[in-house]
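The following exercises introduce a single protein chain to a new reader. Each task is followed by a solution in steps.

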Amino acid sequence: AVHSTVATANGGLDLEMPCMVKSRTRTLVHAARTGRLDLKALTDSAERMRAMLEKAKKRGAGSYDPEEAHQLAKKAAEKSIVLLRNEDGTLPLSSFSGCCVIGAFAEKPRYQGNGSSFVRTNGVVSFLEAIADKKVPYAKGYDLDKTEPNDALVLQAVDLASKSKKVLLFLGLPDILESEGY
């Protein structure tokens, strides 16, 4: 998302990922030498990065509590969900009767980007796991590892949807299409 290394550095960006790209380093060094990069902005950025590293060192590797982190992530997710439209008061569902679920993301949720934003997590609960006791019919609909449609999976999804009163769709882009530079 960074189109101007010098302008973003002057604006307070501390870290551009992926980092350590020689051409950007040369650009910043040249900008500092020619006065296009504000040396105070550069010094302030370096200080913020140093302070972050010191804070991480003080906390230490042994202080991570996976359950505490999971509860914090769950709370953040619950507070950040936004419903853009709710025509005819469809949501929340009063029951899963007559519903089906379509989309591989219901089984394997997409909760982060790829590349430098990818973080290994634990405790992820898929939608299908969360409603396992409801016995809601499910069709994968697409393959998460491919960018081209899988006709057989699409037909299964269409068939299931045609037999259902309500369809819960889980759609999005596969990892391969969502990373830096795409």
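**Exercise 1.** Is Ser95 buried, partly exposed or exposed?

*Solution.* The structure is a predicted model, in which local features need pLDDT of at least 70, side-chain atom pairs count only at pLDDT 80 or more, and totals for chains, interfaces and linings use all residues. Residues are numbered from 1 along each chain as its sequence is written, and side-chain values use heavy atoms, with hydrogens and water left out.

Step 1. Recall the classes: buried means under 20% relative accessible area, exposed means over 50%, and partly exposed lies in between (1.4 Å probe, protein chains only).

Step 2. Ser95 has a relative accessible area of 31%, so Ser95 is partly exposed.

Step 3. Place the residue: Ser95 belongs to the loop between helix 4 and strand 1. Helices (H or I, at least four residues) and strands (E, at least two) are DSSP runs, numbered from the N terminus.

Step 4. Add a distance: from Ser95 to Met49, 46 residues apart in sequence, the C-alpha separation is 50 Å.

**Exercise 2.** Describe the order of the helices and strands, and the overall dimensions of the protein.

*Solution.* Step 1. Count the elements: the protein has 6 helices and 3 strands.

Step 2. Put them in order: along the sequence they follow the pattern α-α-α-α-β-α-β-α-β.

Step 3. Consider the extent: along the principal axes, the C-alpha atoms fill a box of roughly 70 × 40 × 30 Å.

Step 4. Compare with a globule: the radius of gyration of the protein is 23 Å, whereas a compact globule of 182 residues would have one near 16 Å. This radius is taken over C-alpha atoms, and the globule rule is 2.2 Å times the number of residues to the power 0.38.

Step 5. Turn to burial: 18% of the 182 residues count as buried.

**Exercise 3.** Which residues form the largest nonpolar core?

*Solution.* Step 1. Fix the term: a nonpolar core is a set of buried Ala, Val, Leu, Ile, Met, Phe, Trp, Tyr and Cys residues joined through side-chain atoms within 4.5 Å.

Step 2. List the members: the largest such core has 7 residues, namely Cys99, Val101, Ala106, Leu128, Ile131, Val136 and Leu168.

Step 3. Look beyond this set: another core, of 5 residues, lies apart from it and includes Cys100, Ile102, Ala157 and Leu160.

Step 4. Examine one member of the largest core: when neighbours within four places in sequence are left aside, Leu128 is in contact with Val101, Ala106, Glu107 and Tyr138. Contact means heavy atoms within 4.5 Å.

Step 5. Widen the view to the whole protein: of its contacts between residues at least 6 apart in sequence, 70% join residues at least 24 apart.

**Exercise 4.** Examine the surroundings of two residues in helix 1, Thr5 and Ala9.

*Solution.* Step 1. Helix 1 comprises residues 5-10 and contains Thr5; Ala9 is also found in helix 1.

Step 2. Thr5 has 15% relative accessibility and therefore counts as buried. Ala9, at 12%, is buried.

Step 3. Not counting residues up to four places away in sequence, Thr5 touches Glu16, Arg24 and Leu28. Under that exclusion, Ala9 touches Leu28, Leu37 and Ala41.

Step 4. Ala9 and Leu42 are 33 residues apart in sequence, and their C-alpha atoms are 6.9 Å apart.

**Exercise 5.** Identify backbone features of note in the loops.

*Solution.* Step 1. Begin with the peptide bond from Leu91 to Pro92, which is cis, with omega near 0°. Pro92 is located in the loop between helix 4 (66-80) and strand 1 (99-102).

Step 2. Asp88 lies in the loop between helix 4 and strand 1. Although Asp88 is not a glycine, its phi is positive, about 60°. With a relative accessible area of 82%, Asp88 is exposed.

Step 3. Lys135, likewise not a glycine, has a positive phi of about 55°. The loop that holds Lys135 runs between helix 5 (127-130) and strand 2 (138-139). Lys135 counts as exposed at 71% relative accessibility.

Step 4. Finish with Gly115, in the loop between strand 1 and helix 5. Its relative accessible area of 35% makes Gly115 partly exposed. The C-alpha atoms of Gly115 and Asp175 are 8.7 Å apart, with their positions 60 residues apart along the chain.
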